[in-house]
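User: I'm new to this one and would like a relaxed tour. Could you show me the structure so I can ask about it?

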Amino acid sequence: MRFVLTSCADKAAAKTLAKKLVKAKFAACVSLFKANSVYFWDGEIKDEKERVLLIKTAVKFKKIAKFIARHHDYELPEIVAFKADKASKKYKKWIKKESK
């Protein structure tokens with residue numbers, strides 16, 4: 001089981017991507033959070049409101065990263081993952097069942 005993070009420019013884009021991930025079985029669940037991101041882009045510091053997607057999945061990173069990149073509207077989307085060290089057995093089983 002792993003968590004994958006990506007961010008979108010607004011609520012609509014985040015919900016669209018989240019629904020695509022769940023429908024295609026790339027994620028068992030996607031949680032959306034409001035965020036304020038400060039970053040360097042095109043020679044200047046940006047300060048933008050975004051939505052962060054916390055994607056819960058059992059799908060291999062390369063496979064889900066490719067799907068996200070193909071369906072994302074950012075030129076360079078954040079796509080990072082980390083494994084869950086600890087999780088309840090029932091929750092892990094559900095994640096595996098719902099994401100393939």
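**A tour in questions**

Analyst: Let's start inside. Leaving out residues up to four places away in sequence, I68 touches V4, T6, L17, L21, I55 and I79. One thing to keep in mind is that this is a predicted model.

User: Which residues of the largest nonpolar core touch the most other members?

Analyst: That core has 18 residues. I68, which we just met touching L21 and I55 among others, is on the list you're after. The full list is L21, V30, L53, I55, I64 and I68.

User: Which element gives the largest share of this core?

Analyst: The elements that give two or more residues to the core are β1, α1, β3 and α2. The largest share is five residues, and the element they come from is α1.

User: How many residues are in the other core, the one that lies apart?

Analyst: This other core lies apart from the one we just went through. Its members include M1, A28, L54 and I95. Its residue count is six.

User: Let's move to the sheet. Which strands are at its edges?

Analyst: Four strands form an open sheet with antiparallel pairing, and the order is β2-β3-β1-β4. On average, neighbouring strands are turned by 30° against each other, direction ignored. An edge strand here pairs on one side only, and that goes for β2 and β4.

User: How many bridges pair β2 with β3?

Analyst: Strand β2 covers residues 29-41 and pairs with β3 in the antiparallel sense. Along the way, V30 stands opposite I55, and L32 stands opposite L53. The bridge count for β2 and β3 is 13.

User: Which residue in the hairpin of β2 and β3 takes a positive phi?

Analyst: This hairpin has two residues between its strands. The phi in question is near 50°, and the residue that takes it is D42.

User: And on the β1 side, which residue in β3 is the bridge partner of S7?

Analyst: β1 (residues 2-8) and β3 (residues 44-57) run antiparallel and are joined by seven bridges. For S7, the bridge partner in β3 is V52.

User: Now for the charged side chains. How far apart in sequence are the parts that E98 and K25 tie together?

Analyst: The side chains of E98 and K25 meet in a salt bridge, at 2.8 Å from N to O. E98 lies in helix α3 (residues 89-98), while K25 sits in the loop between α1 (11-23) and β2, so the pair ties together parts whose separation in sequence is 73 residues.

User: Which residues do salt bridges join into one network?

Analyst: By the rule used here there are three salt bridges. E44 forms one with K46, with the closest N and O atoms 3.3 Å apart. E98, which meets K25, also forms a salt bridge with K97 at 3.1 Å. Shared partners therefore give one network of K25, K97 and E98.

User: Is K97 buried or exposed?

Analyst: Compare its salt-bridge neighbours first: K25, with a relative accessible area of 28%, is partly exposed. For K97 the relative accessibility is 54%, and the cut-off for exposed is over 50%. K97 counts as exposed.

User: On to the rings. Is the pair of F3 and F82 stacked or tilted?

Analyst: A pair of aromatic rings is described by the distance of the centres and the angle of the planes. For F3 and F82 the centres are 5.4 Å apart and the planes are at 35°, so the pair is tilted.

User: How far apart in sequence are the parts tied together by F3 and F82?

Analyst: F3 is buried, with a relative accessible area of 18%, whereas F82 counts as partly exposed at 42%. F3 lies in strand β1 and F82 in strand β4 (residues 80-83), so the parts they tie together have a separation of 79 residues.

User: What is the angle between the planes of F26 and F67?

Analyst: F26 is in the loop between α1 and β2, and F67 is in helix α2 (residues 61-71), 41 residues apart. Both F26 and F67 are buried. Their rings form a stacked pair at 4.3 Å centre to centre, and the angle between the planes is 25°.

Terms used: Residues are numbered from 1 along each chain as its sequence is written. This is a predicted model: local features need pLDDT of at least 70, side-chain atom pairs count only at pLDDT 80 or more; totals for chains, interfaces and linings use all residues. Side-chain values use heavy atoms; hydrogens and water are left out. Two strands pair if DSSP finds at least two bridges between them. A salt bridge is a side-chain nitrogen of Lys or Arg within 4 Å of a carboxyl oxygen of Asp or Glu. Buried means under 20% relative accessible area, exposed over 50%, partly exposed in between (1.4 Å probe, protein chains only). Rings of Phe, Tyr and Trp (its six-membered ring) pair if their centres lie within 6.5 Å; planes under 30 degrees apart count as stacked, over 60 as edge-to-face and the rest as tilted. A nonpolar core is a set of buried Ala, Val, Leu, Ile, Met, Phe, Trp, Tyr and Cys residues joined through side-chain atoms within 4.5 Å. Contact means heavy atoms within 4.5 Å. Axes are lines fitted to C-alpha atoms, for helices over the stretch in contact, and angles run from 0 to 180 degrees between N-to-C directions.
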